[in-house]
Amino acid sequence: MIATPDRTPVPREFFDRPALEVAPDLLGRLLVRSTPDGPITLRLTEVEAYDGPNDPDSHASRGRTARNDVMSGPPGHVYIYVTYGMSGRSA
């Protein structure tokens, strides 16, 4: 669930607009995940947005695939990919 700083859930309609408009509006919002051990909450301090088929850096730029299908679906879903080999350490 994405929520405002007061933890009010954001309605799905919030996401029903271009990604380049949604992205800056996500900054500072809370992402809340319910788990058996209790909620996990984090504040979004960085986001990335791509203009789908119009953006050569987007995974959707070469067309719809099983991997990126969620990017063409209804608003309010997340496309997550993992970058392997990134340790976060500098040499």
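**Exercise 1. What is the volume of the largest pocket, and which residues line it closest to its centre?**

Before starting, note that this is a predicted model, in which local features need pLDDT of at least 70, side-chain atom pairs count only at pLDDT 80 or more, and totals for chains, interfaces and linings use all residues. Residues are numbered from 1 along each chain as its sequence is written, and side-chain values use heavy atoms, with hydrogens and water left out.

Solution. Begin with the term itself: on a 1 Å grid over the protein atoms alone, a pocket is an open set of points where a 1.4 Å probe fits, with protein on both sides within 12 Å along at least five of seven lines, and a lining residue has an atom within 4 Å of a point. Grid points are joined across faces, edges and corners, and the volume is the space filled by probe spheres set on the points. On this basis the largest pocket has a volume of about 1600 Å³. Of its 39 lining residues, Leu26, Glu48, His77, Val78 and Tyr79 are the closest to the centre. Next, sort the lining by class, where Ala, Val, Leu, Ile, Met, Phe, Trp, Tyr, Cys and Pro count as nonpolar, Asp, Glu, Lys and Arg as charged, and the others, Gly among them, as polar; this gives 25 nonpolar, seven polar and seven charged residues. Finally, helix α1 (residues 19-26) supplies the largest share of the lining, four residues.

**Exercise 2. Describe the order of the elements and the pairing of the strands.**

Solution. Helices (H or I, at least four residues) and strands (E, at least two) are taken as DSSP runs, numbered from the N terminus. The chain has one helix and three strands, and from the N terminus on they run β-α-β-β. Two strands pair if DSSP finds at least two bridges between them. Strand β1 (residues 2-3) pairs with β2 in the antiparallel sense over two bridges, and isoleucine 2 stands opposite leucine 31 in β2. Four bridges join β2 to strand β3 (residues 40-43), again antiparallel; here leucine 30 stands opposite arginine 43, valine 32 has threonine 41 as its bridge partner, and arginine 33 has isoleucine 40. Six residues lie between the strands in the hairpin of β2 and β3, where glycine 38 takes a positive phi near 115 degrees. Taken together, the strands form an open sheet with the order β1-β2-β3 and antiparallel pairing. Because β1 and β3 stand at the edges, each with a single partner strand, one side of each is left without a neighbour in the sheet.

**Exercise 3. Which side chains of strand β2 (residues 30-33) are buried, and which residues make up the largest nonpolar core?**

Solution. Buried means under 20% relative accessible area, exposed over 50%, and partly exposed in between (1.4 Å probe, protein chains only). Along β2 the side chains alternate, with Leu30 and Val32 buried on one face, while Leu31 and Arg33 point to the other and are not buried. A nonpolar core is a set of buried Ala, Val, Leu, Ile, Met, Phe, Trp, Tyr and Cys residues joined through side-chain atoms within 4.5 Å, and the largest one holds six residues, Ile2, Val10, Phe14, Val22, Leu26 and Leu44. As for leucine 26, its contacts (heavy atoms within 4.5 Å), leaving aside neighbours within four places in sequence, are with Ile2, Phe14, Phe15, Leu44 and Val47.

**Exercise 4. Place serine 58, tyrosine 79 and proline 11 in the fold.**

Solution. Serine 58 is found in the segment after β3 and counts as buried because its relative accessibility is 4%; beyond its neighbours within four places in sequence, serine 58 is in contact with Tyr50, Gly52 and Met71. Tyrosine 79 also has its place in the segment after β3, and its contacts, with the same neighbours within four places left aside, include Arg67 and Met71. Between tyrosine 79 and arginine 67 there are 9.0 Å in space, C-alpha to C-alpha, and the two are 12 residues apart in sequence. Proline 11, in the loop between β1 and α1, counts as partly exposed at 46% relative accessibility.
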